[in-house]
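Student: I should like to go through the reasoning behind several labels attached to this structure. May we take them one at a time?

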Amino acid sequence: MVTLAEVARHAGVSASTVSYVLSGKRSISAATRQRVEQSIRELGYHPNAGARALAGKRSNIIALMIPLRTDMYVPVMMEIAIAVATTARTHGYDVLLLTGEEGPDAVRRVTGSGLADAMILMDVELEDERLPLLRGTDQPCVLIGLPADTTGLTCVDLDWNATGALCVEHLARLGHRDVAVIGEAPAVYERHTGFAERTLDGLRTRARERGLRLLHRPCEGGYDAMALTLARIFDERPGTTGFVVQNESAVEPLLALLRQQGRAVPEDVSVVAICPDQVAVQASVRLTSAAIPAQEMGRQAVEHLVAKLDGRGGDEVVLLAPELTVRTSTGPAPAAS
């Protein structure tokens, strides 16, 4: 890799002169500037990110904070991350991926280092402890997620309230009166993660409006955990005929357990999933589902962030409308015996 000192020797100037040409902090004669710029081109010199940051220049790097927790469905998170990276490249930016659970420390590290021009935050909680730091910095940022208070923030997310309502509405129109929600792992709700809390709020609100009885049970996912959760649901609500699943790892165990119990889908029990289309169509029963628009969320987050970097964007909340695709896992509620 060509160094700044090599450029200086090639141009016959001091290293500080090359630095001044790059930073624009001091007036350099036109002839000297042209000589330095020609050496830069001939040698193929590229200032490193740290040097550009110190010089007050852009690093052309976006920091993406995406804590990879064991209780989250990582494929969706990574699909968003890939969309962020590919969209960023179309605008000339690279992505610095931060996957630790550092919280505010990660924000301080990025804003203090100058290695990134802007930030995108994922896994947003309703009362996210990173937000005061974001509001206190001039560095542009976008959240993929929706906190309780969006003042002074730009957020891109699926409208999870509307997503929950859409699932309940579909089951209500099919005549189901007792609906069970198999949710994310308990830790997701303990952290008050925005998407899970908002989905649940949408489910409960529409259920009340439609006169449905709704039972919500978090689930770790996996066969054993799903078996315990399903037994508990039928023990508490034996008349349950509709399920809404917001937990990708619980989908296939649920379908397997229903088969073992002799409950046919959709003749005896209907299942709606909130999941990626790939999960829905590859399940043992093709699932009626509300899709998670991971690629669009990532793309829009970058577009809004670049607009901020270019001085064109202000603070706003962008909610993507949910779409429900009806497949073979839902049908009319069975007649009461």
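Tutor: Certainly; please bear in mind that this is a predicted model. We may begin with Phe234, which has a relative accessible area of 11%.

Student: Why is Phe234 called buried?

Tutor: Buried means under 20% relative accessible area. Phe234 has 11%, so it is buried.

Student: What makes Phe234 and Phe243 an edge-to-face aromatic pair?

Tutor: Ring centres must lie within 6.5 Å, and planes over 60 degrees apart count as edge-to-face. For Phe234 and Phe243 the centres are 5.9 Å apart and the planes form an angle of 75°, so both conditions are met. Phe243 is also buried, because its relative accessibility is 0%.

Student: How do you know that Arg263 lies over the face of Phe234?

Tutor: Arg263 is placed at 3.6 Å from the ring centre of Phe234. The distance limit for a charge over a ring is 6 Å, so the value of 3.6 Å satisfies it.

Student: How many aromatic pairs does the structure hold?

Tutor: There are 2 aromatic pairs. One of them is formed by Trp160 and Phe195, with 5.4 Å between centres and 50° between the planes.

Student: Why is the pair of Trp160 and Phe195 called tilted?

Tutor: Stacked requires planes under 30 degrees apart and edge-to-face requires over 60. The angle of 50° meets neither condition, and therefore the pair is tilted. Trp160 belongs to helix α8 and Phe195 to helix α10, and 35 residues separate them. Trp160 is buried because its relative accessibility is 5%, and Phe195 is buried because its value is 17%.

Student: How do you know that Arg198 has no salt bridge?

Tutor: A salt bridge needs a nitrogen-to-oxygen distance within 4 Å. The nearest side chain of opposite charge to Arg198 is that of Asp157, 5.8 Å away, so the criterion is not met. Arg198, a buried residue, is found in helix α10. A polar atom of the Arg198 side chain lies 3.3 Å from the backbone oxygen of Leu146. Residues touched by Arg198 include Trp160, Asn161 and Pro147.

Student: What makes His192 partly exposed, whereas Asp123 is buried?

Tutor: Partly exposed falls between 20% and 50%. His192 has 44% relative accessibility and therefore counts as partly exposed; Asp123 has 7% and is therefore buried. Each has a positive phi: near 55° for Asp123 and about 55° for His192. Most residues other than glycine have a negative phi.

Terms used
Residues numbered from 1 in each chain as written. Predicted model: local features only at pLDDT ≥ 70, side-chain atom pairs only at ≥ 80, totals over all residues. Heavy atoms only, no water. Helix = DSSP H or I, 4+ residues; strand = E, 2+ residues; numbered from the N terminus. Buried < 20%, exposed > 50% of the residue type's maximum accessible area, 1.4 Å probe, protein only. Lys, Arg positive; Asp, Glu negative; His and termini not counted. Polar contact = N/O pair within 3.5 Å; in protein donor to acceptor, adjacent residues only side chain to side chain. Contact = heavy atoms within 4.5 Å. Phe/Tyr/Trp six-rings, centres within 6.5 Å; stacked < 30°, edge-to-face > 60°. Lys NZ or Arg CZ within 6 Å of the ring centre and 35° of its normal. Lists of a residue's contacts leave out its neighbours within four places in sequence.
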